[in-house]
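Got the viewer open and a selection box ready? Let's walk through this one stop by stop, picking residues as we go.

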Amino acid sequence: MPVPSRRTPLRHLLRLALLLPLAACVTQAPPAYVTPGYPAQAAPLPEIPRTRVGLLLPLSGSNRPLGQAMLNAAQLALFDQNDPGVEFLPRDTASTSSGAAQAAQSALGEGARALAGPLTLNETAAVAGQARAAGAPVMAFTSDAAQAGNGVWVLGTTPAEQAERVAAAAAEAGARRFGLIAPDDEFGRRLAAALRSRLPALGLPAPIIVLQARLGDSAAAARDLVAQAGPEGVDAVLLGLGGERARAAAQTLSTALPAKPRLLGTVLWAQDPVVAQEPALTGAWFPGADPATRAGFDQRYQSAFGERPPRLAGVAYDAAALASRAARVGTAPVGEAMLGADGPVRLAPDGLAQHGLAIFAVDPSGEPRLVQPAPIPGAS
């Protein structure tokens, strides 16, 4: 039998050659179209319920620049607290009692649960009644302690608080006999009442008090105190005076007493150039804001608003922060220490704000020297 050939027959090769061009001409079916999948639209975020706080500020008239600075400070307090659940309702008091009452009525009518402001004691008295009726705590900027209590807190540093702080510091340094020279007005009388109350609590004798007419002769008032002190003299004298009157009293006391006393002043001395330039007042002590805390507040304010804040902007910062806390929880945060613009601050049950005040010494350079840091109010 013949052996089968291993070669592909020629006729098969010719068939393949004829089929190749036809294969190249066959249309290729496109891939099936698939509808692109889009993600489902996200549900809108739920709106955060906001707690409203009324800001009662002098946003018109001569106090408008101060009112704007206070509004800025309040906004800074809200930013520092990082609380998106609080909404401020700024209202213009027009620096009048009637304007403050209308501003409070407007804010409370729109649901404000707490009020920060107003500025003065008369404005505070005008808003207190309707705020109490609405159950809204008031964080007023005034330093008049007579407005404090029953839902109203006085956020300003009171004369009594200043006198008590600086007298305690002097007593701790060894002073035993105290005197006071101050104007015969509400400020001076409150300084006197504070010393009469505080010194016996420290186991010290009652102070020698000389209240002079508001525009009276401070040197004569100093000579009157020296005469009452007698040969024993006094160890410390609080001067509720500033400027030229503080200078005149200090010069007389430094030469007329048996021994030069430690002179004491008020927070107003921090920005009194006459006090800094008087040699008889060099080394005198006065209370003031915690320097590091206030510097931090000033820096944050200037970074945010392009200018340095006025001194009273710090009170607005504290009031706005405390009012926000009160509105959120429904009651004022009594007894809780908070770091404010000027240092530690704490609301007392009697309606006063207790401030941690540092003690400074007057320095000829014009830059007060820190003597004692600010304590935390209420700390044992």
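Select Ala337 and Arg346 to begin: Ala337 stands opposite Arg346, which belongs to β12. Keep in mind as you click around that this is a predicted model.

Now widen the selection to residues 344-347, the whole of β12, and add its neighbour β11; the two pair in the antiparallel sense over 3 bridges. Bring in β13 as well, and you have an open sheet of 3 strands, ordered β11-β12-β13, with antiparallel pairing. Which strands stand at the edges? They are β11 (337-339) and β13 (353-355); each has a single partner strand, so one side of each is left without a neighbour in the sheet. Going from one strand to the next, the twist averages 30 degrees. If you're wondering what holds such an arrangement together, strands of a sheet pair through backbone hydrogen bonds, either parallel or antiparallel.

Next, show α11 along with the sheet. This helix packs on the sheet and touches β11 and β12, and its direction makes about 130 degrees with that of β11. Select residues 313-329 to see all of α11. Try a quick sanity check on its length: at 1.5 Å a residue, its 17 residues should span 24 Å, and the end C-alpha atoms are 25 Å apart, which agrees. Is α11 largely enclosed or open? Of its 17 residues, 14 are buried, so the rest of the structure largely encloses it. Step just past the end of the helix to Gly330, which takes a positive phi of about 90 degrees.

Stay in this area and turn on the aromatic side chains. A pair of aromatic rings is described by the distance of the centres and the angle of the planes. The model has 5 aromatic pairs, counting rings whose centres lie within 6.5 Å. Start with Phe297 and Tyr301: their ring centres are 6.1 Å apart and their planes are at 50 degrees, so this pair is tilted. Both sit in helix α10 (residues 291-305), and being 4 residues apart, they are separated by about one helical turn. An α-helix has 3.6 residues a turn, so residues three or four places apart point the same way. Phe297 is buried, at 0% relative accessible area, and Tyr301 is buried too, with 0% relative accessibility.

Now measure from Phe297 across to Tyr317. Here the ring centres are 5.2 Å apart with the planes at 70 degrees, so the pair is edge-to-face. Phe297 is in α10 and Tyr317 in α11, so the pair ties together parts 20 residues apart in sequence. Tyr317 has a relative accessible area of 7%, so Tyr317 counts as buried. Add Phe305 to the selection and you have the whole cluster: ring pairs link Phe297, Tyr301, Phe305 and Tyr317.

For the next stop, pick Trp285 and look at what lies over its ring. The charged end of Arg262 sits there, 3.9 Å from the ring centre. Trp285 belongs to strand β10 (residues 285-288), where Trp285 and Pro287 point one way, Phe286 and Gly288 point the other way, and all are buried. That fits a general pattern: in a regular strand the side chains alternate between the two faces of the sheet. Follow β10 sideways to strand β14 (residues 358-361); the two pair in the antiparallel sense over 4 bridges. Select Phe286 and then its bridge partner in β14, Phe360.

Two threonines come next. Jump to Thr252, in helix α8 (residues 243-256). Thr252 has a relative accessible area of 13% and is buried. Which residues does Thr252 contact, leaving aside its neighbours within four places in sequence? Show Ala219, Ala222 and Arg223 to see them.

Then go to Thr96, in the loop between β2 (86-92) and α3 (97-109). With 32% relative accessibility, Thr96 counts as partly exposed. Draw a C-alpha to C-alpha distance from Thr96 to Pro58: 8.6 Å in space, though they are 38 residues apart in sequence.

Finally, zoom out and colour by secondary structure. The chain has 11 helices and 15 strands, and buried residues make up 47% of its 380 residues. Of the contacts between residues at least 6 apart in sequence, 64% join residues at least 24 apart.

Methods: Residues are numbered from 1 along each chain as its sequence is written. This is a predicted model: local features need pLDDT of at least 70, side-chain atom pairs count only at pLDDT 80 or more; totals for chains, interfaces and linings use all residues. Side-chain values use heavy atoms; hydrogens and water are left out. The expected span of a helix is 1.5 Å times one less than its number of residues. Buried means under 20% relative accessible area, exposed over 50%, partly exposed in between (1.4 Å probe, protein chains only). Rings of Phe, Tyr and Trp (its six-membered ring) pair if their centres lie within 6.5 Å; planes under 30 degrees apart count as stacked, over 60 as edge-to-face and the rest as tilted. A charge sits over a ring if NZ of Lys or CZ of Arg is within 6 Å of the ring centre and within 35 degrees of the ring normal. Two strands pair if DSSP finds at least two bridges between them. Axes are lines fitted to C-alpha atoms, for helices over the stretch in contact, and angles run from 0 to 180 degrees between N-to-C directions. Contact means heavy atoms within 4.5 Å.
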